[in-house]
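Here are some exercises to work through with the model open beside you. Try each task before you read its solution.

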Amino acid sequence: MALSYDEMQQLFEQIGFKGFSMRPYDAEMENLISEAAEDNAKAYLIDIVPGDLEFGQNDGIALLETHYYKEANMARLLRKWLDIVLHFSCYYPLETVLVTGVGLPDIEDFKEQTPNEEGYFLEIPIESINDMDELSDLVFQKTFGTMRFLFPTLDMVIHIETGEVYNVVTLKKITEENQAAVELLRKLVEAQGLFLV
C-alpha cells in the first residue's frame with residue numbers, strides 16, 4: 001500500500017531531515033530535475049577527467065573507477081563537489097536543495113510504497129539548511145538519493161548523485177548571466193582539480 005505524502009514526511013523526519021516539504025512528481029518537477037538533452041538548453045559535466053574517454057577504451061579507465069569507488073576516495077570527491085557548490089552560492093543565490101530518489105537502504109521495495117510509485121522529492125529551502133555537510137551526510141548515508149541544487153536566477157541545477165564520478169550541471173535556458181556564471185563555475189571546478197566539460 002502506498003504511503004501518503006504526510007506519512008512520507010513523517011518517515012523522512014524520523015530519518016533526520018528537517019525544514020522540508022514533500023513535492024509531488026509532476027510535469028514541472030520532471031522537467032526541473034531532468035538531465036536529458038531534450039529538456040535542457042545546455043548541460044555540462046563536472047568530471048575527474050577532461051572528457052573524450054570511451055568506456056572500455058583501456059584498462060586505465062577501470063583502474064580510475066576502482067580508485068574513486070573506494071569509500072574514502074568517494075568521500076573526498078563529494079567534499080570537492082560540495083565546496084564548489086558552497087563557493088558558487090556566495091556569488092549566485094542558491095534557493096533550494098531537492099533530494100530525490102526511489103530507494104532507501106533500510107526499506108526493501110520502497111519505490112512501490114511511494115505515491116504513484118514515483119519515488120521521493122524533498123524540497124529544502126536554503127534557510128532551513130544550517131550545515132551542508134550534515135545534509136549531505138544524511139542524504140548519502142541514509143538514502144540512495146540525489147542532491148539537486150537549484151539556482152533559479154540562472155535557470156541552473158547542479159545534480160550530485162551518489163556513486164558517480166561526475167556531476168551534471170543543467171541550464172534550462174541560455175542567458176548572458178548564466179554564461180558568465182558558467183565561467184565562474186569553471187574556475188571553481190578547476191581549483192578543485194576537476195574539469196567542467
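## Helix packing around α4

α4 and α6 are oblique to each other, because their angle falls in none of the other classes (under 35 degrees is roughly parallel, over 145 roughly antiparallel, 65 to 115 roughly perpendicular, and the rest oblique). Before going on, note that this is a predicted model, where local features need pLDDT of at least 70, side-chain atom pairs count only at pLDDT 80 or more, and totals for chains, interfaces and linings use all residues. Residues are numbered from 1 along each chain as its sequence is written, and side-chain values use heavy atoms, with hydrogens and water left out.

**Exercise 1.** Work out at what angle α4 and α6 pack, and which residues meet.

*Solution.*
- Start with the elements: helices (H or I, at least four residues) and strands (E, at least two) are DSSP runs, numbered from the N terminus.
- Next, get the axes, which are lines fitted to C-alpha atoms, for helices over the stretch in contact; angles run from 0 to 180 degrees between N-to-C directions.
- For α4 and helix α6 (residues 132–142), that gives an angle of about 135° with the axes 11 Å apart.
- Now the handedness: α4 and α6 make a right-handed crossing (right-handed if the near helix is turned clockwise from the far one by less than a right angle, left-handed if anticlockwise).
- Finally, list the contacts (heavy atoms within 4.5 Å): L78, R79, L82 and L86 on the α4 side meet M132, D133, S136 and F140 on the α6 side.

**Exercise 2.** Do the same for α4 and α7.

*Solution.*
- The axes of α4 and helix α7 (residues 176–191) come within 10 Å and cross at roughly 140°.
- That angle makes this pair oblique.
- The α4 and α7 crossing is right-handed.
- From α4, I84, H87 and F88 meet A181, L184, L185, L188 and V189 of α7.
- One α7 residue to look at is K187, which counts as exposed because its relative accessibility is 60% (buried is under 20% relative accessible area, exposed over 50%, partly exposed in between, with a 1.4 Å probe and protein chains only).
- K187 and I84 are 103 residues apart along the chain, and their C-alpha atoms are separated by 9.5 Å.

## Inside α4 and the core

**Exercise 3.** Check the length of α4, then find out which of its residues are buried.

*Solution.*
- Helix α4 covers residues 71–88, 18 residues, and should span 26 Å at 1.5 Å a residue (the expected span is 1.5 Å times one less than the number of residues).
- Its end C-alpha atoms are 26 Å apart, so the model agrees with the expectation.
- The buried residues in α4 are N73, M74, L77, L78, W81, L82, I84, V85 and F88.
- A reminder for reading that list: an α-helix has 3.6 residues a turn, so residues three or four places apart point the same way.

**Exercise 4.** Which members of the largest nonpolar core touch the most other members?

*Solution.*
- A nonpolar core is a set of buried Ala, Val, Leu, Ile, Met, Phe, Trp, Tyr and Cys residues joined through side-chain atoms within 4.5 Å.
- The largest one has 52 residues, and F12, F17, F88, F149, F151 and I158 touch the most other members.
- α4 supplies the largest share of this core, eight residues.
- Another core lies apart from it, with six residues, including L98, F121, L150 and V157.
- To see one member's surroundings, pick F149: leaving out residues up to four places away in sequence, F149 touches L82, V85, L94, T96, V97, M132, M156, V157, I158 and I160.

## Two loop residues

**Exercise 5.** Where do E117 and D155 sit, and what is the phi of each?

*Solution.*
- E117 belongs to the loop between α5 (110–113) and β4 (120–125), and its phi is near 55°.
- At 44% relative accessibility, E117 is partly exposed.
- D155 is in the loop between β5 (146–151) and β6 (156–161), with a phi near 55°.
- D155 has a relative accessible area of 24%, so it is partly exposed.
- For context, most residues other than glycine have a negative phi.
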